[in-house]
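Dear colleague,

I am handing over the structure below, together with some notes on what was found in it. Please look through the sequence and the model first, and then read on.

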Amino acid sequence: MTPLEQMKEKAKTVWSDFASMENFTGMAAPQLVKFANINANDRVLDVACGTGVVALTAARSGASVTGADLTPELIKRAKENSKAFELDVDFHECDVEYLPFEDASFDVVVSQFGHMFAPRPLVALGEMLRVLKPKGTIAFSTWPPELFMGSFFRINGRYGPPLPEGAEPPVLWGNVDIVTRRLSSLADNIVFDRNKLIMPGLSVQHIRNDFETGAGPLKRMVEKFSDDPTKLNALRSEIDSSISHYFENNHLRMDYLMTKAQKI
Ligand SMILES: C[S@@+](CC[C@H](N)C(=O)[O-])C[C@H]1O[C@@H](n2cnc3c(N)ncnc32)[C@H](O)[C@@H]1O
């Protein structure tokens, strides 16, 4: 297995219990559906869909929706959600860098805090645009490097192994200049917006505990350092410091970037 393949195998474990966060990221889903102007006539692909929060929200508007994600546990949950909500969404387990769809199959391709985790940004973007019709809309929500989730991922990155050659940090997808450069020869009418998610919690430690016991990278990092209290304490203290900058009125404020563009 190549280092990039190993990274993706590890990502499946990191995200495997992200279902516990679906009601949290689900709060941002209507914003992306609205921003992408999804309507009942559209064929929509939600990339790195997790348990389907954006896909299912889009399907409620009458659009015909497909969801795609790397992690088997999340696709299983997405299918259960689809059945429970009586929404007919087609979910596939696959890698955004190798989408199993025909060229120009969709009117809209979206991703919420998702495609940013594919190691090779231009490969992921190339695939998302390949399956999009000419003049179709690509729209995504991403975490900017200079705000809370950016610092959260940076801290986690410092305590984990270095990225393999060819992989780029996910939060570069939250930088307006870099996103513009990546899209510039492939799409036009680029529009940016910002929005925020609120995570409730009574203290900085309370919020950190939610990240540790919920899902994703911090949970895995804490498991990894369970027999190294010095490293674990250092990690926790850096995370607490980062949370404290964005903690107010018993919640953590998590601002994010939204990008929309039209395929040339
Ligand atoms: C933060 S979660 C977001 C999930 C969902 N979009 C949401 O808003 O709840 C990141 C997602 O990216 C998926 N992912 C990571 N790397 C991927 C890849 N190479 N191809 C497809 N999905 C990937 C993970 O499995 C996970 O579901």
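**Leu-235 and its surroundings**

Not counting residues up to four places away in sequence, Leu-235 touches Ile-155, Tyr-159, Leu-218, Met-221 and Phe-225. Please keep in mind throughout that this is a predicted model. Leu-235 has its place in helix α11, and with a relative accessibility of 0% it counts as buried. Of the residues it touches, one is Tyr-159; the C-alpha atoms of Leu-235 and Tyr-159 are separated by 7.5 Å, although the two residues stand 76 residues apart along the chain.

**The pair α7 and α11**

Leu-235 also takes part in the contact between two helices, α7 and α11. In general, two packed helices are described by the angle between their axes and the distance between the axes. Here the axes of helix α7 (residues 148-159) and helix α11 (residues 229-245) come within 9 Å and cross at roughly 165 degrees. Since angles over 145 degrees count as roughly antiparallel, α7 and α11 are therefore roughly antiparallel to each other. The crossing in which α7 passes α11 is right-handed.

On the side of α7, the contact is made by Phe-148, Ser-151, Phe-152, Ile-155, Asn-156, Arg-158 and Tyr-159, while α11 brings in Lys-231, Ala-234, Leu-235, Glu-238, Ile-239, Ser-242 and Ile-243. Sorted by kind, the residues of this contact divide into 8 nonpolar, 3 polar and 3 charged.

**The cysteines**

How many disulfides does the structure hold? The number is 0. Cys-49 is in no disulfide, and the nearest cysteine sulfur, which belongs to Cys-94, is 8.2 Å away. Cys-94 is likewise in no disulfide, with the sulfur of Cys-49 as its nearest cysteine sulfur. A disulfide needs a pair of cysteine sulfur atoms within 2.5 Å, so the separation of 8.2 Å does not meet that cut-off. As for accessibility, Cys-49 is buried, with a relative accessible area of 5%, and Cys-94 is buried as well, with a relative accessible area of 12%.

**Thr-57 in helix α4**

The last residue I would point out is Thr-57, which lies in helix α4 (residues 53-60). Is Thr-57 buried or exposed? Its relative accessibility is 14%, and buried means under 20%, so Thr-57 counts as buried. Leaving aside its neighbours within four places in sequence, Thr-57 is in contact with Ala-29, Pro-30, Val-33 and Gly-52.

With best regards

Key
Residues numbered from 1 in each chain as written. Predicted model: local features only at pLDDT ≥ 70, side-chain atom pairs only at ≥ 80, totals over all residues. Heavy atoms only, no water. Buried < 20%, exposed > 50% of the residue type's maximum accessible area, 1.4 Å probe, protein only. Helix = DSSP H or I, 4+ residues; strand = E, 2+ residues; numbered from the N terminus. Contact = heavy atoms within 4.5 Å. Axes fitted to C-alpha atoms, helices over the stretch in contact; angles between N-to-C directions. Parallel < 35°, antiparallel > 145°, perpendicular 65-115°, else oblique. Left-handed = near helix turned anticlockwise from the far one by under 90°. Nonpolar A, V, L, I, M, F, W, Y, C, P; charged D, E, K, R; others polar.
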